[in-house]
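Here is a short note for a colleague opening this entry for the first time. Please keep the structure open while reading the points.

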Amino acid sequence: MAFKYYVIYKPYEVLTRFTPEGGKSCLADYFKVPPDVYPVGRLDYDSEGLLVLTNDKALNHRVLSPRYAHEREYWVQVDGAVTAAAVAQLQEGVQITVDGKPYHTRRCSASIFEEEPPLPPRNPPIRFRKSIPAPWIKMILREGKNRQVRKMTAAVGFPTLRLVRYRMENLTIAGMQPGEMKALSKEEIFRDLRI
């Protein structure tokens, strides 16, 4: 069987699946791939960014298994003037709820962007309020619990307004627009994901 590998920039408000549900947009509205190709992992409906599509189950396992702890970089726009103390808390790990149980996140890398990161505008844009800042944080995690980044920023008092997965290991969406896809060879994707 010929394995296929794609990197996509999942747009905002698109389900990470190829079958529609409840009138929401899904991947099939944007991407045409063979019927046996599926997303590796997921990105929430209200998140955007990097997603890998493949029919290679071994790659799927290697990327998703916590044992391999792949780096995932998120660019997170938050509500309010985020503090150095809040960033330090994120780095140390915070208490969130996963499947109804308390969970302490692992240490991660977190830093505040000096200026807005180079991303295409979101459609629709976030609600703009002149009196309240909406800075960006870069977070690099080695785990991926359900809605983890949103839960983490909320736990330190700064709810997430916009969330973009920018990178997994050396694979990025640099230069891509929402709804774009590029095909990669097995060698390229395994090298960039450090598998």
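1. Start with the outer face of α2. Ala84 and Ala85 are exposed there, on the face turned away from the buried side of the helix. Keep in mind that this is a predicted model.

2. Now turn the helix over. α2 covers residues 84–92, and Ala86, Val87 and Leu90 are buried in it. Viewed down the axis of α2, these buried residues fall within an arc of 100°, so they line one face of the helix.

3. What lies over that buried face? The cover of the buried residues of α2 includes two strands, β7 (109–112) and β8 (136–141), together with α3.

4. Look at the residue that follows the helix. Gly93 comes after α2, and its phi is positive, near 105°.

5. Two other residues have positive phi without being glycine. One is Asp99, with phi near 55°. Asp99 sits in the loop between β5 (95–98) and β6 (101–104). Is Asp99 buried or exposed? Asp99 is exposed, because its relative accessible area of 70% is over the 50% cut-off.

6. The other is Arg147. It is not a glycine, yet its phi is positive, about 55°. Arg147 belongs to the loop between β8 and α3. Its relative accessible area is 32%, so Arg147 counts as partly exposed. That value lies between the cut-offs of 20% for buried and 50% for exposed.

7. Check the peptide bond between Asn123 and Pro124. It is cis, with omega about -5°. Pro124 is in the loop between β7 and β8, and both of these strands are part of the cover over the buried residues of α2.

8. Next, the largest pocket. Its space comes to about 520 Å³. The lining has 29 residues. Which of them lie nearest the centre of the pocket? They are Arg72, Tyr74, Gly144, Lys145 and Arg165.

9. Several elements help to form that lining. The helices α1 (57–64) and α3 (148–155) each supply at least two residues of it. The strands β4 (72–78) and β9 (160–168) likewise supply at least two residues each. Note that α3 has two roles here: it contributes to the pocket lining, and it helps to cover the buried residues of α2.

10. Last, the make-up of the lining. How many of its residues are nonpolar, polar and charged? Twelve are nonpolar, seven are polar and ten are charged.

Terms used. Residues are numbered from 1 along each chain as its sequence is written. This is a predicted model: local features need pLDDT of at least 70, side-chain atom pairs count only at pLDDT 80 or more; totals for chains, interfaces and linings use all residues. Side-chain values use heavy atoms; hydrogens and water are left out. On a 1 Å grid over the protein atoms alone, a cavity is a set of points where a 1.4 Å probe fits but cannot get out, and a pocket is an open set with protein on both sides within 12 Å along at least five of seven lines; lining residues have an atom within 4 Å of a point. Grid points are joined across faces, edges and corners, and a volume is the space filled by probe spheres set on the points. Helices (H or I, at least four residues) and strands (E, at least two) are DSSP runs, numbered from the N terminus. Ala, Val, Leu, Ile, Met, Phe, Trp, Tyr, Cys and Pro count as nonpolar, Asp, Glu, Lys and Arg as charged, and the others, Gly among them, as polar. Buried means under 20% relative accessible area, exposed over 50%, partly exposed in between (1.4 Å probe, protein chains only). The arc is that of the directions from the helix axis to the C-beta atoms. Contact means heavy atoms within 4.5 Å.
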